[in-house]
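Reader: I would like a close look at a single part of this structure, namely the aromatic residues and what surrounds them. Please take me through it step by step, in one connected account.

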Amino acid sequence: MTKEQRQPERQSERQEPQDWSWAVSDTPIGPLLLAATGQGLVNVVFHADPKTAAGAVDRLTRRLGTGPAPEPGAHLTEAIRQLESYFAEKTRAFTLPLDWSLSTGFNRRVLRELAAHVPYGTVVGYQDLARRVGEPDAARAVGVAMGSNPLPVVVPCHRVVESGGGIGGFGGGLETKRTLLALEGVLPQPLF
């Protein structure tokens, strides 16, 4: 794969409008906006205060081709239930159907590998994850894929760390990453 092929890909607009719904869930890492289509959970957005939530809903309306439904669908209700269970330290693996339509190409391959093969309580290096998808020289592109993850927490980009032992970056903020890793027993609990 050439460097140009690993660049972040433009995500194409959907051809057909998708029914979807959303809700904001209060969690120990702050409010999360969750959105789901008929296929499954499609988006998780950190720091979902009213302004951030409104922006996310606008973006999803454009991407999904229609405004949200007035009532939450079954996939959204189940996503909220499983996230609450995860934060209560009862769920270690999400069993939600996922709608991967907001991710494409290399990024989707990396995120699917992460979701399927990096379990609760473990971490993986960017380089190792690149090797796992057959692109051993694509560690930086893996970092781009983590930054583009439309389903953080559920697709656990917080479990991807630097090979040298550093925590790496995180779209939800490093304190959020530390909190999630501490919840899973990878790091000590924050002192305050």
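Author: Tyrosine 86 and phenylalanine 94 are both buried, and in this predicted model they form an aromatic pair of the tilted kind, with 5.3 Å from centre to centre and 40 degrees between the planes. The two belong to one aromatic cluster, whose members are Tyr86, Phe87, Phe94 and Tyr120.

The structure holds four aromatic pairs, and another of them brings together phenylalanine 46 and phenylalanine 170, whose ring centres are 5.4 Å apart and whose planes stand at 65 degrees, so that this pair is edge-to-face, the cut-off being over 60 degrees. This pair links distant parts of the chain, 124 residues apart, since phenylalanine 46 lies in the loop between S3 and H2, while phenylalanine 170 lies in the loop between strand S5 (160-161) and H7. Phenylalanine 46 counts as buried because its relative accessibility is 11%, where buried means under 20%, and phenylalanine 170, at 14%, counts as buried too.

Phe87, a member of the aromatic cluster, leads on to the nonpolar interior, for it is listed with Leu114, Met146 and Val153 as having the most contacts inside the largest nonpolar core, which has 43 residues. Among the elements that give two or more residues to this core are strands S2 (32-37) and S3 (41-45), together with helices H3 (74-87) and H4 (105-117); H3 gives the most, with six residues. Methionine 146, leaving aside its neighbours within four places in sequence, is in contact with Val110, Leu111, Leu114, Tyr126, Leu129, Cys157 and Val160. A second, separate core has twelve residues, including Ala35, Val42, Ala56 and Leu102.

The sheet completes the surroundings. Three strands form an open sheet in the order S1-S2-S3, with antiparallel pairing; strand S1 (20-25) and S3 stand at its edges with a single partner strand each, so one side of each is left without a neighbour in the sheet. Neighbouring strands of this sheet are turned against each other by 15 degrees on average, direction ignored. S2 and S3 are joined by four bridges, and leucine 33 stands opposite valine 45 in S3. Helix H2 (residues 50-64) packs on the sheet, touching S1, S2 and S3, and its direction makes about 165 degrees with that of S1. H3 likewise packs on the sheet and touches S1, S2 and S3, its direction making about 140 degrees with that of S2.

Note on methods:
Residues numbered from 1 in each chain as written. Predicted model: local features only at pLDDT ≥ 70, side-chain atom pairs only at ≥ 80, totals over all residues. Heavy atoms only, no water. Core = buried A, V, L, I, M, F, W, Y, C linked by side-chain atoms within 4.5 Å. Buried < 20%, exposed > 50% of the residue type's maximum accessible area, 1.4 Å probe, protein only. Contact = heavy atoms within 4.5 Å. Pairing = 2+ DSSP bridges. Axes fitted to C-alpha atoms, helices over the stretch in contact; angles between N-to-C directions. Phe/Tyr/Trp six-rings, centres within 6.5 Å; stacked < 30°, edge-to-face > 60°.
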